[in-house]
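Subject: Structure for your review

Dear colleague,

Please find below the structure that I am handing over to you. My notes on what was found in it follow.

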Amino acid sequence: MALSFRQGEILEIARSEGRVVVEDLAARFSVTLQTIRRDLGELAEAGLLDRVHGGAVVRAGVANTAWAERQRQNLEAKAAIAAACAALIPDNSSLILNIGTTTEAVARALLGHRNLTVVTNNLNVANILARNESCEVMVAGGALRRADGGLVGELTTQFFEQFKVDLAVIGISALDADGDLLDFDLAEVRVARTILRQARRRLVVADASKLSRHAPVRLGSLSELDGIVTDQPLPEALAAACQGWGTEVYLA
């Protein structure tokens, strides 16, 4: 399902607040109650929300773990992945880092690099790399997600379209057994797809726990990327698929 801009905003509100109310949304977007009910119905049919009396709630299993909790998860694995990823990034290069606690770990691993240009929609990445005086940091505009410091939306997408960088490093919420890259937020996925288009080389950073998670929105496939940096060997079938696709697997 291709969501409209309004539907994407409704989904973002639902995920940040837990539920949405028809009357509130109609006033917010200056549309009729019938229009909002239709939007909520389509989001429910797509499996993204559950309808309740007067509005809708986030469907169980389609909301991401809270950012503060994700920060505490798999710290050693993320640090190792970040170090391995940073080793693939030469000085004097340009790159994009997107939203995610693993990309934030990559930013910390880049504090010793020289003459980098980093473009990001992650305020946490920007704050980390501000300590590297040799790094030029460019921050996207867009709608701020206070929960994790991410910037998303049409303005964010338009911002990234102005760049062509050497490397994109993206994080994901889940990795399917067939190599599909998955996330919870359609607005974030739209931005990530643009990021990948604007890079000459594309890497995903993901620890092994992502293989045991599920998320409802498909970002793309490992077959479309140049490599994955992870902390444990991929399942045999997926590793074989990566070899056939020419997708490098870098083990931290």
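**Salt bridges**

R200 and D166 are joined through their side chains by a salt bridge, with an N to O distance of 3.2 Å. This contact ties together distant parts of the chain, since R200 belongs to strand β12 (residues 199–205) and D166 to strand β9 (residues 165–171), 34 residues apart. D166 is partly exposed, at a relative accessible area of 32%. Please bear in mind throughout that the model is predicted.

In total, the structure holds four salt bridges. Another of them is formed by the side chains of R218 and D180, at 3.1 Å from N to O. Here too the pair links distant parts of the chain: R218 lies in strand β13 and D180 in strand β11, with their positions 38 residues apart in the sense of being 38 residues apart. The two partners fall into separate accessibility classes: R218, at 39% relative accessibility, counts as partly exposed, whereas D180 is buried, with a relative accessible area of 15%.

A further salt bridge brings together the side chains of R202 and D226, at 3.8 Å from N to O. R202 is in strand β12, while D226 sits in the loop between β13 and β14 (227–230); the two are 24 residues apart and again connect distant parts of the chain. D226 counts as partly exposed, at 26% relative accessibility.

**The sheet of β10, β11 and β13, and helix α9**

Strands β11 and β13, which carry D180 and R218, also belong to an open sheet of three strands. The order in this sheet is β10-β11-β13, and the pairing is antiparallel. β10 (174–175) and β13 (217–221) are the edge strands; each has a single partner strand, so one side of each is left without a neighbour in the sheet. Between β11 (residues 180–183) and β13 there are four bridges, in the antiparallel sense. Within this pairing, L181 has G220 of β13 as its bridge partner. Helix α9 (residues 186–197) packs on the sheet and touches both β11 and β13, its direction making about 15° with that of β13.

Which residues does A192 contact, once its neighbours within four places in sequence are left aside? A192, a residue of helix α9, is in contact with N98 and L219. A192 counts as buried, because its relative accessibility is 2%, and the cut-off for that class is under 20%. The C-alpha atoms of A192 and I99 are separated by 8.8 Å, although these residues are 93 residues apart along the chain.

**The strands β1, β2 and β3**

Strand β3 (residues 55–58) pairs with two strands described here. With β1 (residues 19–21) the pairing is antiparallel and runs over three bridges; with β2 (residues 49–52) it is likewise antiparallel, with four bridges. A56 of β3 appears in both pairings: V20 stands opposite A56, and R51 also stands opposite A56. β2 and β3 form a hairpin with two residues between the strands, where G54 takes a positive phi near 85°.

**Helix α6**

Is helix α6 (residues 101–109) enclosed or open? Seven of its nine residues are buried, so α6 is largely enclosed by the rest of the structure. The buried residues are T101, T102, T103, E104, A105, V106 and A107.

**The chain as a whole**

The chain contains 10 helices and 15 strands. For 252 residues, a compact globule would have a radius of gyration near 18 Å, and the value for the chain, 18 Å, agrees with this. Along the principal axes, the C-alpha atoms fill a box of roughly 55 × 40 × 30 Å. Of the 252 residues, 50% count as buried. Among contacts with a separation of 6 or more, 59% are between residues 24 or more positions apart. The chain exposes about 11400 Å², of which carbon and sulfur atoms supply 49%.

Yours sincerely

How values were computed: Residues are numbered from 1 along each chain as its sequence is written. This is a predicted model: local features need pLDDT of at least 70, side-chain atom pairs count only at pLDDT 80 or more; totals for chains, interfaces and linings use all residues. Side-chain values use heavy atoms; hydrogens and water are left out. Two strands pair if DSSP finds at least two bridges between them. Contact means heavy atoms within 4.5 Å. Axes are lines fitted to C-alpha atoms, for helices over the stretch in contact, and angles run from 0 to 180 degrees between N-to-C directions. Buried means under 20% relative accessible area, exposed over 50%, partly exposed in between (1.4 Å probe, protein chains only). The radius of gyration is taken over C-alpha atoms; the globule rule is 2.2 Å times the number of residues to the power 0.38. Accessible areas come from the Shrake-Rupley method with a 1.4 Å probe; for residues, only the protein chains shown count as cover.
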